[in-house]
Amino acid sequence: MQLKAISKASKYVISFGFILILLVMGAKLFQDKAWFLAIFFFLSAGLIFYTYSISKSTPAKYLLPGVLLLTLFHIYPAFYSGAVAFTNDSNGHQLSKEQAIAAIVQDTKIPIATEEPIKYQTLVEVGSKKVFVLFKYESEIFWLTDGKTVKSVAPDPRSILVDGTVVKLGGFTVLSPEEAQAQIAVLQNFVINLESGISLQPQDLESLEVSQPAFRYNKAKDELVSNLSGEIYAPNDNGQMVSKTGEVLYPGWKANVGWRNFSSIITDKEIRRPLLAVLVWTFANAFLLVFISFLMGLVLALIFNFPALRSKRFYRTIFIIPMAIPSVLSLLVWSGLFTAETGVIDRMFHISIPWLTHPWWARVAVLIVELWITFPYMFLITTGAIQAIPGEILEAAAIDGASPLKSFTQIKLPLVVRTVAPLLVASIAMALNNFGAIYLLTGGGPTFSNSNGNAGATDILISYTYKLAFNSQEGNNYGLASALSILNFLIVGLISIYGLKKMKTMEGIN
């Protein structure tokens, strides 16, 4: 009885602990304006409380964790990716409009010609060894700052020299210009923003440059005005402030662009040109891989299913070894084997083939490695399909005078294809998304010269999408990448549906 009470108490402690964590996370997300996730965590906390504290439904206690995790890690990312496809989410368009305008106003400074540089001194706090700057601004008031907060201080008048230099301040060590030289890296990052909008920044070890924002924001008219030239910048439909002369200010903000990412796939030559080559190779690679690996698996299954062959189990074990080795390890090893001239393959056969640097040889190398990883799976499923064929059918065919070739083409092959057809459709879908093999073996290369580094000869649609999303040369373009990922989903989905429909038409074939 006592053990049951302890178990019940521990159950409540664990569930209430999870609820508390979820509520804290939801509050934090609500504060960050991540509305969907905030609501999700609040609802999850409520459902957990109801299911494990009030409800007596046993199935719900087992189903709820799986449903919540499925929603958080699968359903939400899928819908979020779809939503991103309709935005301009990319480098320079990560902020909200308010944050982007604030960044433009705060980050762009112009010196005030009428203001003389302000002398300052470098101090180090005794306990924390933190660097501070002491300066005098607006009559006789001394200000102390660590670059973030600014506060007024009143040094002892006896410690102030005639030229205004402070030689002593309680809790701080005043550094000489020579000693301040060691803190130059810290001082360079000091930006002192005063309430009046004026900014101060060290221009050397002794003086602060006085500057003001280059722009001011007119909230009523929703426009930025240059304090230097008076030029007006208004928002455009791409989440940027633009002048009448076409000058664009950065950063921009995330904005809805409708179907523009999808239309640019067709209308933008820089995207369309490499995309066509990538699509051709995507389909060619997938169908060649599935067809050749199925053929290899079928031939090996027929050979090792021959009744007179001995030690079949030993041979079958050898041929499924590639499946047992982690594919990441296999790909990295093969990448080393294909190294031109110094690789094992070139040295073994005394050849010099640019396996990974020539477009066609790189494609051959990718197919070889993909076949190495895939054919054991095909070998296993075709072996099972052949062994599942009733022996009476083959005996009846032999009695009727069917040759081994005719028995294979008219009986074995149709029955095997009918059995493994769903698996072949799934294999094509997986081959169309075989990102790991491309990324680890060739990185999609060799790169096309006319693709701005976005596409290569061995890139498939999913790796091309990845490069657009995380391109080190042109910057990240998540909106376009999300649009392409939707295109990839539609292609895989339509091929799978077509394959499954064709498979159903085969159900009536005897």
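**Exercise 1. Decide whether Trp253 is buried or exposed, and list what surrounds it.**

Solution. Start with the cut-offs: buried means under 20% relative accessible area, exposed over 50%, and partly exposed in between, with a 1.4 Å probe and protein chains only. Trp253 has 7% relative accessibility, so Trp253 counts as buried. Next, place the residue. Trp253 sits in the loop between β14 (248-249) and α7 (260-267). Helices (H or I, at least four residues) and strands (E, at least two) are DSSP runs, numbered from the N terminus. Now list the contacts, meaning heavy atoms within 4.5 Å. Beyond residues up to four places away in sequence, Trp253 touches several residues, among them Asn88, His93, Lys97, Pro235 and Met241. Finally, check one pair along the chain. Trp253 and His93 are 160 residues apart in sequence, with C-alpha atoms separated by 4.3 Å.

The model is predicted: local features need pLDDT of at least 70, side-chain atom pairs count only at pLDDT 80 or more, and totals for chains, interfaces and linings use all residues. Residues are numbered from 1 along each chain as its sequence is written, and side-chain values use heavy atoms, with hydrogens and water left out.

**Exercise 2. Find the cis peptide bonds before Pro251 and Pro446 and place each proline.**

Solution. Take Pro251. The bond joining Tyr250 and Pro251 is cis, with omega about 5°. Pro251 belongs to the loop between β14 and α7. That loop also holds Trp253. Then take Pro446. The bond from Gly445 to Pro446 is cis, with omega near 0°. Pro446 lies in the loop between α16 and α17 (461-469). For background, most peptide bonds are trans.

**Exercise 3. Give phi, place and accessibility for Lys33 and Lys129.**

Solution. Lys33 has phi near 65°, a positive value in a residue other than glycine. Lys33 is in the loop between α1 (2-31) and α2 (35-54). At 60% relative accessibility, Lys33 counts as exposed. Lys129 has phi near 60°, again positive. Its loop runs between β2 and β3. Lys129, at 60% relative accessibility, counts as exposed. Ser128 is found in the loop between β2 (118-125) and β3 (131-136). With 45% relative accessibility, Ser128 counts as partly exposed.

**Exercise 4. Describe the largest nonpolar core and name the helix that gives the largest share.**

Solution. A nonpolar core is a set of buried Ala, Val, Leu, Ile, Met, Phe, Trp, Tyr and Cys residues joined through side-chain atoms within 4.5 Å. The largest one has 39 residues, and Phe294, Phe338, Val416 and Val420 have the most contacts inside it. Elements giving two or more residues are α8 (269-304), α11 (327-337), α13 (359-387), α15 (404-432) and α16 (435-441). The largest share, 11 residues, comes from α13. Zoom in on Phe338. Outside its neighbours within four places in sequence, Phe338 contacts Ile345, Trp355, Leu356, Ala365, Ile368 and Val369.

**Exercise 5. Compare the radius of gyration with the globule rule.**

Solution. First count the elements: 18 helices and 14 strands. The radius of gyration is 34 Å, well over the 24 Å that the globule rule gives for 510 residues, so the protein is more spread out than a compact globule. The radius is taken over C-alpha atoms, and the rule is 2.2 Å times the number of residues to the power 0.38. The C-alpha atoms fill a box of roughly 120 × 75 × 50 Å along the principal axes. One pair shows a separation: the C-alpha atoms of Ser128 and Thr382 are 71 Å apart.
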